[in-house]
Amino acid sequence: VIARTYLLSNTVFGTKDSLTLEKLFASNLSYGHSKGKIESRKEALTNISKNTSAYKDTAVSNIRVMVQGKTAIVRHLFVGKEYKKDGTIVPLNFAMMLVWVKEGKNWKLMGRQAAALPQ
């Protein structure tokens, strides 16, 4: 799950590759953003892959993992900078909680919730 967590972060805040996201997302994904917006799997796939912002200086740290059976909860910190199309630069500082479920041999993301932390 740690490798999948890094892959998820690199895809969401980097490549935005929809094929990679398809492989990472569980069919019943609930994808929560730091400002309260909740997206379905389909909405998250569309919005991530069409996002025009660029992200720089991104880092994942303080990863903590709890596994029970076929479910894993991963908590970590995420920092970076969002460069919006209009030229605005937004500092990002989030606490993340990811819920991974084992489907066959692969861990799939079933839940994600970001919470904004003070800058």
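The exercises below, each with a worked solution, concern a predicted model. Residues are numbered from 1 along each chain as its sequence is written, and side-chain values use heavy atoms, without hydrogens and water. Local features need pLDDT of at least 70, side-chain atom pairs count only at pLDDT 80 or more, and totals for chains, interfaces and linings use all residues.

**Exercise 1. Find which side of helix H1 is buried.**

Step 1. Helices (H or I, at least four residues) and strands (E, at least two) are DSSP runs, numbered from the N terminus. H1 covers residues 2–15.

Step 2. Check the length. The expected span is 1.5 Å times one less than the number of residues. For the 14 residues of H1 this gives 20 Å, and the end C-alpha atoms are 18 Å apart, which agrees.

Step 3. Sort residues by relative accessible area: buried is under 20%, exposed over 50%, partly exposed in between (1.4 Å probe, protein chains only). Arg4, Thr5, Leu8, Ser9, Thr11, Val12 and Phe13 of H1 are buried. They cover an arc of only 165 degrees around the axis, so they lie on the same side of H1. The arc is taken from the directions from the helix axis to the C-beta atoms.

Step 4. Ala3 and Thr15 are exposed on the other side of H1.

**Exercise 2. Describe the largest nonpolar core.**

Step 1. Such a core is a set of buried Ala, Val, Leu, Ile, Met, Phe, Trp, Tyr and Cys residues joined through side-chain atoms within 4.5 Å.

Step 2. The largest core has 24 residues, and Leu8, Phe25, Tyr31, Trp100 and Leu109 touch the most other members. Its largest share, five residues, comes from S5.

Step 3. Take Tyr31. With contact meaning heavy atoms within 4.5 Å, and residues up to four places away in sequence not counted, Tyr31 touches residues including Val12, Phe25, Ile38, Ala44, Ile48 and Leu109.

**Exercise 3. State which element gives the most residues to the lining of the largest cavity.**

Step 1. On a 1 Å grid over the protein atoms alone, a cavity is a set of points where a 1.4 Å probe fits but cannot get out; lining residues have an atom within 4 Å of a point. Grid points are joined across faces, edges and corners, and a volume is the space filled by probe spheres set on the points.

Step 2. The structure holds one cavity of 30 Å³ or more. The largest has a volume of about 80 Å³.

Step 3. Its lining includes Thr5, Leu8, Tyr31, His76 and Met96. H1 gives the largest share, five residues.

Conventions. On a 1 Å grid over the protein atoms alone, a cavity is a set of points where a 1.4 Å probe fits but cannot get out, and a pocket is an open set with protein on both sides within 12 Å along at least five of seven lines; lining residues have an atom within 4 Å of a point.
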